[in-house]
Amino acid sequence: MMPVDEAIERVFRKLPKLGSEAVPLARAHRRVLAQPLVARHSQPPFDASAMDGYAVRAAEVLPGRPLKLAGTSQAGARFVGMMEHGQCVRIFTGAPLPIGADAVIMQEEATAKGNQISFEKTPPVGQSVRKQGFDFKRGAELLPAGVALTPAMLNLAASANHPTLTVTRRPRIAVLATGDELVAPGTTLGPDQIIASNSYGLIPLLAPWAEQVNDLGIVADDKDKLEAALLGAFDQGVDMLVTTGGASVGERDYVQEVLRDLGVEVDFWKLRMRPGKPLMFGTRGKTLVFGLPGNPVSALVTATVILKPALRALTGHIDPFWPRIGVPTLLGLPPNGPRRHFMRATLSRNDIGFLQVEPIFETDSSHSTSLALADALIVVPEDSPGVPPGEIVDVIPLSWG
Ligand SMILES: Nc1nc2c(c(=O)[nH]1)N[C@H]1C(S)=C(S)[C@@H](COP(=O)(O)OP(=O)(O)OC[C@H]3O[C@@H](n4cnc5c(N)ncnc54)[C@H](O)[C@@H]3O)O[C@H]1N2
Ligand code: MOO
């Protein structure tokens, strides 16, 4: 059985390069920058006022010595010409500072009598002035490649005058459920049947990093049918194929055999993790192939721990991994065996508002209720002797990414 970290490394080594594409800003949210974002001009493009008030020469402002109003500078319509000695200019937030002015006094600190404006005290040079290039300068690297674009980053990209951004391409993924017993939700269950649920959790889990996720539906445990469905997916040219079920050692667990027959080179099968031991990974040309276990909790936990980092690395994220958060556990944890345990848990706040985690002791990998109520996984190391209550444990929030 392969350690989890080694499995992730092996997957990372097999990731193909997907390249990049230009997308309009309005469609770039959450996409990953493929190259650094460089400012195409300076911001602000001119010295600008930070307040509604009066532009002045700081040294000329003295109590009891009014300045003469010479005109107005509006955002979008500057004061033309030079502000002479003894003058001031009415100015509004964001408007260009007139030539000759070196400070702005907000209007609440001024008294106007006709065109004579008096002030209470001399301002420091530069008061309420945003210097040209204060936010960023032309040619500056504003964002590195590999960041997932947030709303604030898109705002920055727009203000740096980029109508389109070069982002990484995303993979096309196909998801297939296997099992004779499976029927679609909404079906009246016959004897021995169960509802196929895995794809409904997996598809939205993978979708944020995918160009497209195709649901290939349910295929029976029949070698020919399985072969036809898998071959269909390869022929569509998907970048990643994800199956669930039929991954273990049962008589009808054909998935691995059929994948090998179709030319998939299996890299590993069986991980030292729980849930999710019978996870298979292989490649066929550039297509990544993951055979996930059929138990719903195993399928979703392996997707969270292995597939999500793989997809983030494939799409060029600087940080493919989940944030490591140390949180005290409200309850003690029992000793662990040789498999790393990703234990269902809930996060909450203690009475002074700090984060704490409460383990859910249900460990059966078919128990989907407990996973649905969990919002985190506690990472319990291999062969852990157990953890007393109050100790800090390593937590993966399920909402990460
Ligand atoms: N002798 C052994 N038996 C098992 C082992 C083992 O090492 N030796 N491993 C166990 C572990 S751990 C897991 S996990 C499961 C994984 O088995 P498979 O991947 O072959 O999955 P199936 O047998 O096809 O299904 C298991 C379970 O999940 C249900 N299932 C399958 N697909 C779906 C779906 N799309 N939606 C909802 N539920 C699904 C299926 O009906 C079964 O109940 O093997 C253990 N056995
Ligand atoms: O790995 Mo299985 O997922 O433990 O039940």
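Here are some questions and answers about this predicted model.

Q: Is strand 21 buried or exposed?
A: Strand 21 covers residues 287-292. On one side sit Thr287, Val289 and Gly291, on the other Leu288, Phe290 and Leu292, and both faces are covered. With 6 of its 6 residues counted that way, the strand is largely enclosed by the rest of the structure, so the word for it is buried.

Q: Which strand pairs with strand 21 in the parallel sense?
A: Strand 21 pairs with strand 20 (residues 280-284) in the antiparallel sense, over 5 bridges, so that one doesn't fit the parallel description. The parallel pairing also runs over 5 bridges, and its partner spans residues 240-244. Within it, Thr243 is matched with Gly291. The parallel partner is strand 17.

Q: Which residue in the turn between strand 20 and strand 21 has a positive phi?
A: Strand 20 and strand 21 run antiparallel, with Gly282 opposite Val289. Together they make a hairpin with 2 residues between the strands. One residue in that turn has a phi of about 60°, and it is Gly285.

Q: On how wide an arc around the axis do the buried residues of helix 4 lie, and what is its value?
A: Helix 4 takes in residues 223-235, and its buried residues are Leu226, Ala229, Leu230 and Ala233. In an α-helix there are 3.6 residues a turn, so residues three or four places apart point the same way. The buried residues of helix 4 are on the same side because they cover an arc of only 95°.

Q: Which exposed residues does helix 4 carry on the face turned away from its buried side?
A: The buried residues of helix 4 pack against strand 13 (172-178), strand 16 (212-219), strand 17 and helix 5 (255-261). The face turned away from that buried side carries exposed residues instead. They are Asp224, Ala228 and Asp235.

Q: How far does helix 4 reach from its first C-alpha to its last?
A: Helix 4 has 13 residues. At 1.5 Å a residue, the expected reach is 18 Å, and the model comes close to that. Just after the helix, Gly237 takes a positive phi of about 75°. From first C-alpha to last, helix 4 reaches 18 Å.

Q: How many polar residues are in the shell around ligand 1?
A: There are 26 residues around ligand 1, and Asn198, Gly245, Ala247, Ser248 and Gly294 come nearest. By class, the shell has 10 nonpolar and 3 charged residues. The polar ones number 13.

Q: How many charged residues surround ligand 2?
A: The residues around ligand 2 are Arg274, Pro275, Gly276, Lys277, Pro293, Asn295, Ser298 and Ser365. Sorted by class, 2 are nonpolar and 4 are polar. The charged ones number 2.

Q: How far apart in space are Gly94 and Asn295, C-alpha to C-alpha?
A: Gly94 lies in the loop between strand 6 (87-91) and strand 7 (103-106), while Asn295 is one of the residues around ligand 2. Along the sequence the two are 201 residues apart. In space, C-alpha to C-alpha, the distance is 59 Å.

Q: Which residue of strand 26 stands opposite Val379?
A: Val379 belongs to strand 25, where it is the bridge partner of Phe342. Strand 25 runs antiparallel to strand 26 (residues 392-397), joined by 4 bridges. There, the residue opposite Val379 is Asp394.

Terms used. Residues are numbered from 1 along each chain as its sequence is written. Chains are lettered from A and ligands numbered from 1 in the order in which they are written. This is a predicted model: local features need pLDDT of at least 70, side-chain atom pairs count only at pLDDT 80 or more; totals for chains, interfaces and linings use all residues. A residue is near a molecule or strand if its C-beta atom, placed from the backbone, lies within 6 Å of it. Ala, Val, Leu, Ile, Met, Phe, Trp, Tyr, Cys and Pro count as nonpolar, Asp, Glu, Lys and Arg as charged, and the others, Gly among them, as polar. A residue is buried if 20 or more other C-beta atoms lie within 10 Å of its own, exposed if 12 or fewer, and partly exposed in between; C-beta atoms are placed from the backbone. The expected span of a helix is 1.5 Å times one less than its number of residues. The arc is that of the directions from the helix axis to the C-beta atoms. Two residues are in contact if their C-beta atoms, placed from the backbone, lie within 7 Å.
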